[in-house]
Amino acid sequence: EGDIEELTNKSDCYVLSRTTKPLVYLFYKLLKKGIGSVIVGKDLEKGLQQLAKRVSSPSKDQILIKLEEELAKLEDELTANNIQKPLFHPSYINLEEKTSILRVILDVCRNGLELESKISELFNGSSNIKLMSMHRSKGLEKDVVYIVRSFEKEKLYPIKYAIKEHEKEQERNLEFVAITRAKRELIYID
């Protein structure tokens, strides 16, 4: 058990999470304390930028409305294609995570025009504190690794969408990957 408050600018570690939203929140929490960090994932940055362009507006409120419209539109498309549980479909889950990330980023924007530059800020920088999803950590190692177990009073893994036994098994394997990234010290954050 540990606390993210232990991190300083001299820290050299990975912070892993099942989903990215907690990492974005943590990025800004550390930034407020004057501690730099960077989120690893250029493909995620690209996907967030594409979504931000689609919902672009000077108004933060208008962006939030457009994000909800994007989710509703995808749900309608999936339903029209006879998908039984559209909210559990991988494309919906992916879009839902991206919209939740953009909401967190919008909270630190003065207006909607800052959204794209704030996205870039997350992924471009140099810091020894690397924030990444458990998936991205595969094949990497670091002496000190933090794992975020819960966020906003919700357990992050196994992910709530893992219902079938093989999906639960994949979640256990992913947890094993995260745990084995630590060479010296593994710290859980709740």
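A search of the whole structure, which is a predicted model, finds 1 aromatic pair. The pair is formed by Phe27 and Tyr28, whose rings lie 5.2 Å apart from centre to centre, with 90 degrees between the planes. The arrangement is therefore edge-to-face, since planes over 60 degrees apart fall into that class. Both partners are withdrawn from the surface: Phe27 is buried, and Tyr28 is buried as well. Another ring, that of Phe88, takes part in an arrangement with a charge: the charged end of Lys85 sits over the ring of Phe88, at 5.9 Å from its centre.

Phe27 and Tyr28 also take part in the packing of two helices. Two packed helices are described by the angle between their axes and the distance between the axes. Helix H1, residues 21-32, packs with helix H5, residues 115-123, at an angle of about 85 degrees, and the axes are 11 Å apart. H1 is therefore roughly perpendicular to H5, because angles of 65 to 115 degrees are assigned to that class. On the side of H1 the contact involves Val24, Phe27, Tyr28 and Leu31, which meet Lys118, Glu121 and Leu122 in H5. Sorted by class, this contact of H1 with H5 comprises 5 nonpolar and 2 charged residues, with no polar residues. Helix H1 also contains Pro22. With a relative accessibility of 4%, Pro22 counts as buried. Between the C-alpha atoms of Pro22 and Asp12 the distance is 19 Å, for a separation of 10 residues in sequence.

Helix H5 packs with H4 as well. The axes of H4 and H5 come within 10 Å and cross at roughly 100 degrees. H4 and H5 are thus roughly perpendicular to each other. Leu102, Ile105 and Leu106 of H4 meet Leu115, Lys118, Ile119 and Leu122 of H5. The contact of H4 with H5 has 6 nonpolar residues and 1 charged residue, while polar residues are absent. Lys118 and Leu122 of H5 thus appear in the contact with H4 and also in the contact with H1.

A further packing arrangement joins H4 to H2. Helix H2, residues 42-54, and helix H4, residues 90-106, pack at an angle of about 75 degrees, with 10 Å between their axes. This angle makes H2 roughly perpendicular to H4. The residues of H2 in this contact are Gly47, Leu48, Leu51, Ala52 and Arg54, and those of H4 are Leu95, Lys98, Thr99, Ile101 and Leu102. By class, the contact of H2 with H4 is made up of 6 nonpolar, 2 polar and 2 charged residues. Leu102 of H4 takes part in this contact with H2 and in the contact of H4 with H5.

Glu116 belongs to helix H5. Its relative accessibility of 28% places Glu116 among the partly exposed residues. Beyond residues up to four places away in sequence, Glu116 touches Gln49, Ala52 and Lys53. Ala52 is also one of the H2 residues that meet H4. The C-alpha atoms of Glu116 and Leu102 are separated by 9.7 Å, the two residues being 14 residues apart along the chain.

After H5, the loop leading to strand S3, residues 129-133, contains Asn124. Asn124 counts as partly exposed, at 40% relative accessibility. Leaving aside residues up to four places away in sequence, Asn124 touches Val38, Lys42 and Glu45. Asn124 and Val40, although 84 residues apart in sequence, have C-alpha atoms 8.8 Å apart in space.

The loop between H3 and H4 holds two further residues of note. Most residues other than glycine have a negative phi. Asn82, which is not a glycine, nevertheless has a positive phi of about 60 degrees. Asn82 lies in the loop between helix H3, residues 60-80, and H4. A relative accessible area of 62% makes Asn82 exposed. Lys85 is found in the loop between H3 and H4 too. Lys85 is likewise exposed, its relative accessible area being 54%. The C-alpha atoms of Lys85 and Glu75 are 9.3 Å apart, with a separation of 10 residues along the chain. Lys85 is also the residue whose charged end sits over the ring of Phe88.

Technical notes
Residues numbered from 1 in each chain as written. Predicted model: local features only at pLDDT ≥ 70, side-chain atom pairs only at ≥ 80, totals over all residues. Heavy atoms only, no water. Axes fitted to C-alpha atoms, helices over the stretch in contact; angles between N-to-C directions. Helix = DSSP H or I, 4+ residues; strand = E, 2+ residues; numbered from the N terminus. Parallel < 35°, antiparallel > 145°, perpendicular 65-115°, else oblique. Contact = heavy atoms within 4.5 Å. Nonpolar A, V, L, I, M, F, W, Y, C, P; charged D, E, K, R; others polar. Phe/Tyr/Trp six-rings, centres within 6.5 Å; stacked < 30°, edge-to-face > 60°. Buried < 20%, exposed > 50% of the residue type's maximum accessible area, 1.4 Å probe, protein only. Lys NZ or Arg CZ within 6 Å of the ring centre and 35° of its normal.
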